[in-house]
Every structure is written in structure tokens, then in C-alpha cells.
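Take a walk through this fold, strand by strand. The route starts with a single side-chain contact and ends at the surface.

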Amino acid sequence: MKFYKKLLVVTLAITSVSALQAQEDEEDIGGSVIQNLTPSKLIGKGTYDIKWFNNLYTQTESTFSEGTEPRETFFTSTVEGYTGVGNNKRVNVGLILEFRSNVIADRSATDVFQFDGDRETARSGFTSIAPSIKVVPFQNVNNFSIQSSIFIPLVDNEVEDGVFLDQKGFIWQNRFFYDYTLPGDKFQLFTELNSELSFGDKAESFANNSLNLTPGVF
């Protein structure tokens, strides 16, 4: 993909649904549901965690050209579902599913929601599925966890009629989560390091044989 000089990224929705046992957990542990159910902490056996993330990205400039170019827009919708394994809240297993819709040729940014598949200007569909596991490696540090996922591509061609949809290659993703609640239990610091290893024949995908590291602080 390209590196961009100008971009607009809009997070449309972040939805988290957990089992009602979360309320019981809050009463047992103390603190708010948000503090107790960060990605750093795992859920217990018999409970479920479902998250839905939607991201809209649009661009009119890139590092590979001068001046303004026709608008390109990329929409990604991701659903993550996990359930607890065992009684010590140290292992969760789940699945991640990604859907993408992209439009080019100066079409409106909202055209990604038409899903019309117009030849030479649009593509959409489910692009990857990933079995995933989350673990707390240290028994006495329950606010540090690791999420490991293998993304299996569902696309046959990255580019068709000049429209890119998603990379055609396997990705091994490891995300390291840690949160710290400040004194007074009113504020919380959340950190993440995301690593993605794209592997396979480089001829199959532009991103193969590459490693991405993305840190984050909230």
C-alpha cells in the first residue's frame, strides 16, 4: 500500500457486548466496567465478549504523486468474538472476521456503503478470517495480555480492474496489551504494541515477507 501525505480517518463505531456476568465481576473486583473489561484483561468461563469496529479512510494525495489526485476511499468492518476457557481468566479463544468496501476514481467517500461492485471503481466483500487466542502469561499480572491471531485471506486477487480490496497473504498478528489504573481509580492508562508478520511468496502479495510494528497509547 501507499504512504500518504494527507488522509482522513473516521472511526464510525466501536461496540462491545459482554455477558451480564460483567456486572457481577465489577462488584467483586471494584471499579467501572470499562476499567475491568479493557483488552488487557480477559473474561471468565461462560462469558462472551463481542466487539464491532468500523473504520473509514479517504485520501486525495499520496507520496507517489504531486498535487491532488482522484479520491480513493477504504472502509473496513471488523467483528471480534471471544469466550473464556477455564476458571482463572487466563485464556480466551475466539474468531475475527473482516469485511472491506473500497471505491476509487473520485467517487464520494460515502459510496463505500453502496456495495455496488461497479466495475473499475468499486469492490467489496469478506476478505479474511482469523482464529485467535488471548492469554495472560503471568498469573500475578492480570492487566498484561497477549492476543495472537492467524489471518487467513479470503480474496483471490488483491487488485481487479484497478481496484485494490485487501492483501492476498497470511498474517500472523501478535498484540501486547497493558493497562495501568492511576491512583484514585478515576483514570486509566492503556498501551498496546501490535506486530504483524506477513509471510508467503512475495509474488502472491505486495506485503509478504514484511513485519509491521505499531505502538499505541490511550
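A polar contact is a pair of N or O atoms within 3.5 Å; within protein, one must be able to donate a hydrogen and the other to accept it, and residues adjacent in sequence count only if both atoms are side-chain atoms. The side chains of Asp111 and Arg107 make such a contact, at 3.1 Å. This is a predicted model, in which local features need pLDDT of at least 70, side-chain atom pairs count only at pLDDT 80 or more, and totals for chains, interfaces and linings use all residues. Residues are numbered from 1 along each chain as its sequence is written, and side-chain values use heavy atoms, with hydrogens and water left out.

Stay with Asp111. It is found in the loop between β4 (91-103) and β5 (122-135). Strands here are DSSP runs (E, at least two residues), and helices are runs too (H or I, at least four), numbered from the N terminus. Asp111 is buried, with a relative accessible area of 15%. Buried means under 20% relative accessible area, exposed over 50%, and partly exposed in between (1.4 Å probe, protein chains only). Arg107 is buried as well. The two residues also form a salt bridge, with the closest N and O atoms 3.1 Å apart. A salt bridge is a side-chain nitrogen of Lys or Arg within 4 Å of a carboxyl oxygen of Asp or Glu. Asp111 and Phe75 are 36 residues apart along the chain, and their C-alpha atoms are separated by 9.9 Å.

The loop between β4 and β5 also holds Glu120. Glu120 is exposed, at 52% relative accessible area. Its phi is near 75°, a positive value in a residue other than glycine. Most residues other than glycine have a negative phi.

Now the strands around that loop. β4 and β5 run antiparallel, joined by 13 bridges. Two strands pair if DSSP finds at least two bridges between them. On the other side of the sequence, β3 and β4 also pair in the antiparallel sense, over 13 bridges. Gly94 serves both pairings: it is the bridge partner of Tyr82, and its own partner in β5 is Ser132. β3 and β4 form a hairpin with five residues between them. Gly86, in the turn, has a positive phi of about 80°.

The structure holds 11 salt bridges. One of them joins Glu80 to Arg175, with the closest N and O atoms 3.7 Å apart. Glu80 lies in strand β3 (residues 72-85) and Arg175 in strand β9, so the pair ties together parts that are 95 residues apart in sequence. Both Glu80 and Arg175 are buried. Which residues share a salt-bridge network with Arg175? They are Glu80 and Glu192. Glu192 lies in strand β10. Its side chain meets that of Arg175 in a polar contact of 2.7 Å. Beyond its neighbours within four places in sequence, Glu192 is in contact (heavy atoms within 4.5 Å) with residues including Phe176, Thr214 and Pro215. Another salt bridge links Arg100 and Glu98, at 3.3 Å between the closest N and O atoms. Arg100 and Glu98 are both buried.

Glu192 leads on to the later strands. β9 and β10 run antiparallel and are joined by 12 bridges. They form a hairpin with six residues between them, and Gly184 in the turn has a positive phi of about 100°. Asp185 is found in the loop between β9 and β10. It has a positive phi too, near 60°. Asp185 is exposed, with a relative accessible area of 55%. Eight bridges join β10 to β11, again antiparallel. There, Glu196 stands opposite Asn212.

Finally, the surface. Trp172 lies in strand β9 and stands opposite Leu197 in β10. Trp172 is partly exposed, at 38% relative accessible area. Both residues belong to a nonpolar patch, whose members also include Ile150, Phe170 and Leu213. Together the patch residues have about 840 Å² of accessible area. Accessible areas come from the Shrake-Rupley method with a 1.4 Å probe; for residues, only the protein chains shown count as cover. Patches are made of residues with over 30% relative accessible area and no salt bridge: like charges are joined within 9 Å, nonpolar side chains (Val, Leu, Ile, Met, Phe, Trp, Tyr) within 5 Å. Four strands each supply at least two residues of this patch: β6 (144-153), β9 (170-181), β10 (188-199) and β11 (210-217).
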